[in-house]
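Subject: Structure handover, with notes on pockets and cavities

Hi,

Here is the structure I promised to pass on to you. Please open it alongside this email, and then read on for what turned up in it.

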Amino acid sequence: MNKKRKVSVLGGGSWGSTISQHLSSLGHEVYLYHRNGDQLNEMREKLRHPLLEQLRFSETIKFIEDLNYLPKSEFMVIAVPSHGVRELMLRVPKNLLGTKIINLSKGIEQNTFKRISEIILETSDIISGNIVTLSGPSHAEEVALGHPTSLVAASDNLETSKEVQKLFSSNSLRIYTNNDIIGVELGGSIKNVIALASGICDGIGFGDNTKASLITRGIVEISRLGVSLGGKAETFAGLSGIGDLIATCLSHHSRNRYVGEQIGVGRPLEEILNEMSMIAEGVKTTSATKELSVLKNIEMPIVSSVYSVLYENINPKEAVNSLMNRELIKEGYMIYY
């Protein structure tokens, strides 16, 4: 058994809560903060999550509704939607930030185009080597049931990655280390845009041929932009790249695939989002990725097509037709241009 550590998890959504329970099951001292007081009280009283019936909380988890009541921990886990990270970091008491931060959030900030670790750096005095992003194909529904899952812990400091590897690893959760935090974060974020496209294909009624083409060409687009922004090409062939992309594009658990599917059958985006209880990160990430691709002069036809469907009211079938009728070219290597 690994050494017992004190861990604070900020964000009681499905993934943050699942990770809290996983860490508790390994014997770590876990504090779970959630800003929704009603949901937090329900979790504390029933030891169940209101949005994830598979999850059962350990009685040893301490539920916290005020950031000021959090103790100083050895590790702080950020598990809120990407658009809420900056606001959360600005509210965390400064005396709690002298620790190692583990980021679970996936997204690119609107307007600034910053990755999550960059937002954390900008809003705290923490050094980059104390930030780790944990990413990969990991639906909370399956992790909560103990299904075998593999993730990658990425940091500028490989020793910090190894610490997180030891903290999380178990019989059901295998953690690999990586020092390409740029590539890991971009892969985990942009794959949600491709998942929207995958769902649109499902909604229209296309089959396996279409999905295979989409995933294959999707990772090419992700790696093009990722490498241009400083990521390593090989990262996109790993768990946080093609691995996360496959899971998100194919799974019925995927919120982004679901949103795309509903668009594909003809429903308006606003109506779909209004009825959802959880966040589909890909909607906002599509806008940021599209703008980044223009800034970096990187060709991303699938991303551009998803953007046109979401924000320019282009008919999904017309968008697919446009993709299929682009200029014919030679196939490039998967992770290069």
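Below are my notes on the pockets, one helix and the enclosed cavities.

Please keep in mind that this is a predicted model.

**The largest pocket**

I would start here. The largest pocket has a computed volume of about 960 Å³. Its lining is made up of 42 residues, and those nearest the centre are Ser14, Trp15, Pro81, Arg255 and Ile279. Polar residues number 21 in this lining, alongside twelve nonpolar and nine charged ones.

Which domains does the lining of the largest pocket draw on? Domain 1 (6-179) and domain 2 (183-325) each contribute at least three residues. Six helices each supply at least two residues of the lining: H1 (14-25), H3 (85-91), H5 (140-143), H7 (181-204), H9 (239-250) and H10 (255-264).

**Helix H1**

Ser14 and Trp15, two of the residues nearest the centre of the largest pocket, also belong to H1, where both are buried. H1 as a whole is mostly covered, with eleven of its twelve residues buried. Besides Ser14 and Trp15, the buried set includes Gly16, Ser17, Thr18, Ile19, Ser20, Gln21, His22, Leu23 and Ser24.

From first C-alpha to last, H1 reaches 16 Å, close to the 16 Å expected at 1.5 Å a residue. Just after the helix comes Gly27, which takes a positive phi of about 95°.

**The second largest pocket**

For the second largest pocket, the computed volume is about 700 Å³. There are 27 lining residues, and Arg217, Ile302, Leu323, Met324 and Arg326 lie nearest the centre. Two or more lining residues come from each of H7, H8 (208-228), H13 (301-311) and H14 (316-324). H8 provides the largest share, six residues. The lining of this pocket divides into 16 nonpolar, three polar and eight charged residues.

H7 is worth selecting in your viewer, as it appears in the lining of the largest pocket and in that of the second largest pocket.

**The cavities**

How many cavities of 30 Å³ or more does a search of the whole structure find? The search finds two.

The largest cavity holds about 50 Å³ of space. Its lining consists of Asn103, Ser105, Lys106, Gly107, Arg115, Ile116, Thr133, Ser135, Val184, Glu185, Gly188 and Ser189. Strand S8 (131-135) and H7 are the elements that give two or more residues to this lining, and H7 gives the most, with four. By class, seven of the lining residues are polar, three are charged and two are nonpolar. As with the largest pocket, at least three residues come from each of domain 1 (6-179) and domain 2 (183-325).

The second largest cavity contains about 30 Å³ of space. The residues around it are Ser8, Leu70, Pro71, Lys72, Ser73, Met76, Leu96 and Thr99. Four of these count as nonpolar, three as polar and one as charged.

**In brief**

If you only have a few minutes, look at the pocket of about 960 Å³, then the one of about 700 Å³, and finish with the cavity of about 50 Å³.

Best wishes, and happy browsing!

How values were computed:
Residues numbered from 1 in each chain as written. Predicted model: local features only at pLDDT ≥ 70, side-chain atom pairs only at ≥ 80, totals over all residues. Heavy atoms only, no water. 1 Å grid on protein atoms, 1.4 Å probe; cavity = no way out; pocket = protein on both sides within 12 Å on 5 of 7 lines; lining within 4 Å. Points joined across faces, edges and corners; volume = space filled by probe spheres on them. Nonpolar A, V, L, I, M, F, W, Y, C, P; charged D, E, K, R; others polar. Domains from an automatic or database assignment. Expected span 1.5 Å × (residues − 1). Buried < 20%, exposed > 50% of the residue type's maximum accessible area, 1.4 Å probe, protein only.
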